[in-house]
Amino acid sequence: MSTPVEYQRRGSVGVITVNNPPVNALSTAVRQGIADGLARAAADPDARAAVIIGAGRTFIAGADIREFGKPLQPPDLNEVIRHIEQSTKPVVAALHGTALGGGFEVALGCHYRCAVPTAQLGFPEVKLGLLPGAGGTQRLPRVVGVEAALRMITSGDPIPAAQAKALGLVDEIVQGELLDGAVAFAERLAAEGKPLRKISEMQDKVGDVAPALFDEFRKGLGKSARGFEAPQRCADAVQAAATLPFAEGLKRERELFAGLMQGTQSKAQIHIFFSEREVTKIPDVPKETPVKPIGSAAVLGAGTMGGGIAMNFANAGIPVRVLEMSQEALDRGLAVVRKNYAATVEKGRLSQADMDRRMSLIGGTLSYGDIGSADIVVEAVFEEMAVKKQVFGILEKAARPDAILATNTSTLDIDEIASATSRPGQVIGTHFFSPANVMRLLEIVRGARTSKETIATAMDLARKIRKVGVLVGNCDGFVGNRMLHGYIREAEFLLAEGALPQQVDRVIYDFGLPMGPFTMGDLAGLDVGWRIRKGKAATRPTHLRYSPIGDRICEMGRFGQKTGAGWYRYEKGSRAPIPDPEIEALILRTAKEQGIERRQISDDEILKRCMYPLINEGARILEEGKALRASDIDVIYIYGYGFPVYRGGPMFYADTVGLGAVYDTICGFHKVHGEFWQPAPLLERLAREGKRFRDL
Ligand code: 3H9
């Protein structure tokens, strides 16, 4: 059996190679292997120095996350790193790919580091709800100073080799072959008798730091990382580096790490890490399924969605043609795209040259004749079945015979749209979320006859345009919006029963979403939903409760922020919602009309009334197979709806509450509020069996 770590001598240098694909994670065997390799280098009379290097595409990308939550097997990573640092022969880390987390900690335990120019170094632990737990929070500030360390550790973002060199983290950049360069560097160190640099003994960068710096930093994190525990604890650990001797600081780091590891937030964030990778796996569309290359695209419609979608293609270097019905609409749409890019340039997040390059990839046209060469056509026209079918009918002739025909519908039946063409295998839903150039989620909607190749191509395209593509089934509202219906419905019912928009919004905001349902409605605009509700009014079951408040607000001409008033009112030019007595009066009037006696409603009830419909509907969606996995639903809510990642998405959240408790509460609501709260059979079964959605 091949071992994940090998020892070989090259000249006078003992080379310890970690070979644990795909990312050389520090499994128990790897930790043991490094310890053994060090022992061999120490005992090897012909080795004057040692190099630690990764085989394959990367250096060590961190601890083995799959081992988390299981009993820790020796050797402890801290122990291994202590051995490295205590080695009497110089040890050099040779970095390529990503030296992350525990991998970066191993590198910091070495006396010197060299790297290829493309290497990245960082501590992503915070993104898993953790902190660097093998000395990273104690060693990094000793090299780069407290402020830079705080920034790196609390952001989790890696830095490139050149920046690491400037910060003193990397001693030499290797231009040629890494192993050759690292061995030569190590030989030189040994020949010159360079002193062994032990970061744990360096004190000058952490000696004299004002406590106020940490307080300020933590305050900032309270805003930028609201609700997250790990960034605060990262700051605590770095503060320990500045206030305690190394050994004690290490102990403090260990305690803080263990505290986070036991908490729910790290479990939720690790769940999302794996879920994001899981979404790409579709049981009946294997990895080998052929993918059509997408070298050019067309977008139909230059409205807000169309423009945003076109930007995605241009950002990924794919030329895109935007089609509109009139020159005026086209000019208006492209001007908005230009304005969006210019705003990013102004914020310093995009260079003018990049903006120009991207704009040059976006062309406009008024003629279907100009989109005939596109590999994919994404339709983002008016949300009405007749219009969509007409467009797909035209595409039958206008689009290339093998082009993917995608629709950005958010509500309509993909199969009916596909029926307007003779190539339903090439028809697929690509449901972007607004603003389409910003939101990471892409619901990829599979129709009854969508081909596997079309699905594989859409999933691959999602990755290329840096979206998180999640495959969902064809149903009203697909997955995300279908679940949202119950959330919005209950939020509105709560108003007549005794709550006010600002109370509901506060509860949801405190739970961790960026905003509550009423602020969200005002931001998105209330008129679209109103139009849809009016369209469905004739077929609405009359025995079911209905809240007319949203309709009445629209009848008052209040469509949200864009009209200066909606559920709230807004000062001119401001987006800050101001509670409006007129709305309160409307709510009271409606409650009276509906014979509802208003009562004091607790925050706890508001949270459950709003969150549990998501869970109940999510369970139905799973049962119907409209989502492949509960974790796919979680990914949809994290990337499309701003659900707090530290709660792991609605289905994971339900697991943490306990499905028995969720089910009992839903049954209670069912008794009081009726039919809408009929518990989903899957939820009932899992609750009865004491299982979790994760166990499915
Ligand atoms: C830590 O280090 C704690 C220490 O401070 C203290 C300890 C005491 N473990 O992302 P990809 C799997 S915490 C186990 O698609 P890419 C991944 O699930 C850790 N598995 O590749 C996937 O599996 P599958 C700190 C891991 O090239 C496969 O590898 N480190 C790990 O797009 C390929 O992954 C991190 O947080 C892991 N650590 O990106 C780094 N990492 O094929 C986390 C990956 O079955 N990793 N896998 O779906 C990453 O950020 C990216 O994977 C990386 C490569 C950038 C490395």
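**Exercise 1. Charge distribution**
Determine how far apart the mean positions of the positive and negative charges of the protein chain are in this predicted model.

*Solution.* Step 1: the protein chain carries 86 positive and 82 negative charges. Step 2: the mean positions of these two sets are 1 Å apart.

**Exercise 2. Overall form**
State which secondary-structure elements the protein chain holds, and assess its radius of gyration against the globule rule.

*Solution.* Step 1: the chain comprises 28 helices and 17 strands. Step 2: its radius of gyration is 29 Å, close to the 26 Å given by the globule rule for 696 residues, so the chain is as compact as a globular protein of that length. Step 3: along the principal axes, the C-alpha atoms fill a box of roughly 90 × 60 × 50 Å.

**Exercise 3. Domains**
Give the division of the protein chain into domains and the separation of the centres of domain 1 and domain 3.

*Solution.* Step 1: domain 1 covers 5-262, domain 2 covers 297-476, and domain 3 combines 481-625 with 658-695. Step 2: over C-alpha atoms, the centres of domain 1 and domain 3 are separated by 48 Å.

**Exercise 4. Surroundings of Thr454**
Locate Thr454 in the secondary structure, classify it as buried or exposed, and list the residues it touches, leaving out those up to four places away in sequence.

*Solution.* Step 1: Thr454 belongs to helix α17, which spans residues 452-464. Step 2: the relative accessible area of Thr454 is 2%; buried means under 20%, so Thr454 is buried. Step 3: with that exclusion applied, Thr454 touches Ile404, Gly425, Gln426 and Ile428.

Terms used:
Residues numbered from 1 in each chain as written. Predicted model: local features only at pLDDT ≥ 70, side-chain atom pairs only at ≥ 80, totals over all residues. Heavy atoms only, no water. Helix = DSSP H or I, 4+ residues; strand = E, 2+ residues; numbered from the N terminus. Rg over C-alpha atoms; globule rule 2.2 N^0.38 Å. Lys, Arg positive; Asp, Glu negative; His and termini not counted. Charge placed at Lys NZ, Arg CZ, Asp CG, Glu CD. Domains from an automatic or database assignment. Buried < 20%, exposed > 50% of the residue type's maximum accessible area, 1.4 Å probe, protein only. Contact = heavy atoms within 4.5 Å.
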